[in-house]
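Biologist: Please take a close look at one part of this model. I would like the sheet and its surroundings first, then the ligand site.

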Amino acid sequence: MAFCSPTNAKLNNICIASSLAALNANGGARSRRRGTSAVQMAASDIARRGARSLPEYEEGPLERPRWAGETPLSRLVGALISFQPIYSILKLGAREVLISTAEKTNIPWREMTREMLESEVYKEMDSILNPSIIYPDYYLKPFHAYDEGNLSWLAAAEAEAATMSMVRRAIPEASSLDEANEIVRGNWLQAIEQHHQQYSRDSTMRDILDVGCSVGVSTRFLANKFHSAKVTGLDLSPYFLAVAQFKEKDGAARDKSISWIHANGENTGLPSQSFDLVSISYVLHECPATATVNLVREAFRLLRPGGTIAITDNSPKSKILQELSPVLFTLMKSTEPFLDEYYLLDLEGVMREAGFINVQTLLTDPRHRTVTGTVPH
Ligand SMILES: C[S@@+](CC[C@H](N)C(=O)[O-])C[C@H]1O[C@@H](n2cnc3c(N)ncnc32)[C@H](O)[C@@H]1O
């Protein structure tokens with residue numbers, strides 16, 4: 001597929017056509033249509049959830065999965081992936097597995113994607129794009145089985161279905177997406193609220209930044225939970241932000257509208273001490289360690305004294321992730337080039353080094369941890 005430059009309208013048309021072609025090439029299976037407004041409804045139900053103690057999830061016996069880091073198993077998988085013909089097959093396999101697993105759990109991946117690609121989402125690009133942005137090198141590599149990484153309309157159109165699927169995978173026994181979101185997103189929000197109430201002297205959240213907001217799913221959850229706050233979603237992909245802005249226009253009105261910013265979370269250019277919460281959800285496993293260190297330092301600069309950082313992502317200690325089958329983790333590693341770096345990094349240490357205190361880690365669902373910290377007063 002051609003590189004989809006957001007500034008070139010002619011190229012964009014080619015990209016849109018090729019995105020639709022790629023989607024159609026995935027086969028004909030169609031799932032029951034499920035309006036995305038259901039996700040928004042679930043988000044407001046979760047926001048209303050009262051305080052309760054968080055459930056405890058089981059940790060595995062290791063510090064991190066055996067397939068991550070410098071183990072023989074990890075090196076074997078790494079060698080397989082670095083062999084181009086095998087990588088190409090794995091990449092396609094990973095994509096097939098993602099789509100078919102999603103559709104088996106009633107997430108109409110292909111239908112949602114087609115609907116977005118056929119919408120007027122493209123019109124949002126002009127107001128979102130920051131033409132002076134310089135993308136870090138890691139962001140320009142193939143990623144998630146997309147040759148252009150996150151810089152394409154196809155990746156943007158598929159992102160919400162991929163997010164739903166991640167949540168369903170975390171709670172396979174849930175009977176619906178809403179039920180799975182109640183655990184995954186509900187526990188994450190509750191961990192943030194508890195941390196902030198415990199350690200911030202003024203627990204009011206006035207300004208929230210969602211770094212790596214993608215198509216805005218986490219941003220909307222935050223806005224619904226902390227509805228008196230001004231919420232900003234920031235991402236490096238103008239395509240994802242265009243979808244976020246388009247969907248938000250479509251949704252229910254809010255007291256305070258969400259702002260979307262196209263910037264690098266490592267160096268946002270936003271004023272120091274201007275947020276009470278910086279949330280970074282499901283971003284770090286997609287980043288090299290150097291970017292993670294920069295993201296954490298930048299969050300420290302952006303937060304007011306007493307402000308909270310909340311990072312949620314895969315937990316190296318998750319029993320389920322430690323027991324993942326070889327086929328699944330090989331497929332996963334083939335589309336996520338920085339997983340090893342993510343699992344090897346001492347995230348809590350990086351946070352303390354940046355200046356955060358009260359650094360705490362909770363398994364907020366069977367696969368994910370939420371790590372919180374405070375900027376000293
Ligand atoms: C898996 S998505 C996040 C999903 C979303 N936060 C949620 O919880 O549903 C990861 C996002 O991080 C963004 N990202 C990666 N590196 C970034 C950086 N340095 N600055 C801003 N965004 C970044 C990607 O563009 C992508 O949209």
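Modeller: Start with helix H11, residues 289-302, in this predicted model. Helix H11 lies across three strands: E1 (207-211), E4 and E5. Against E5, helix H11 runs at about 150°.

Now the two strands E4 and E5. Strand E4 spans residues 275-281, and strand E5 spans residues 303-314. They run parallel, and six bridges join them. One residue pair to look at is Ile-280, whose bridge partner in E5 is Ile-311.

Step back to the whole sheet. Seven strands form an open sheet with mixed pairing. Their order is E3-E2-E1-E4-E5-E7-E6. In that order, E4 sits between E1 and E5. The edges are strand E3 (259-262) and strand E6 (357-363), each of which pairs on one side only. From one strand to the next, the twist averages 15°.

Next, the ligand. Strand E4 covers residues 275-281, and Ser-281 is among the closest residues to the ligand. The others named as closest are Tyr-138, Tyr-139, Gly-212 and Asp-235. In total, 21 residues surround the ligand. That shell divides into nine nonpolar, eight polar and four charged residues.

Three side chains place a polar atom by a ligand oxygen. For Ser-281 the distance is 2.8 Å. For Arg-185 it is 2.9 Å. For Asn-150 it is 3.4 Å. As for cover, the ligand taken alone exposes 610 Å², and the protein buries 94% of that.

Terms used: Residues numbered from 1 in each chain as written. Predicted model: local features only at pLDDT ≥ 70, side-chain atom pairs only at ≥ 80, totals over all residues. Heavy atoms only, no water. Near = heavy atom within 4 Å. Polar contact = N/O pair within 3.5 Å; in protein donor to acceptor, adjacent residues only side chain to side chain. Areas by Shrake-Rupley, 256 points an atom, 1.4 Å probe, with all protein chains shown as cover. Nonpolar A, V, L, I, M, F, W, Y, C, P; charged D, E, K, R; others polar. Pairing = 2+ DSSP bridges. Helix = DSSP H or I, 4+ residues; strand = E, 2+ residues; numbered from the N terminus. Axes fitted to C-alpha atoms, helices over the stretch in contact; angles between N-to-C directions. Contact = heavy atoms within 4.5 Å.
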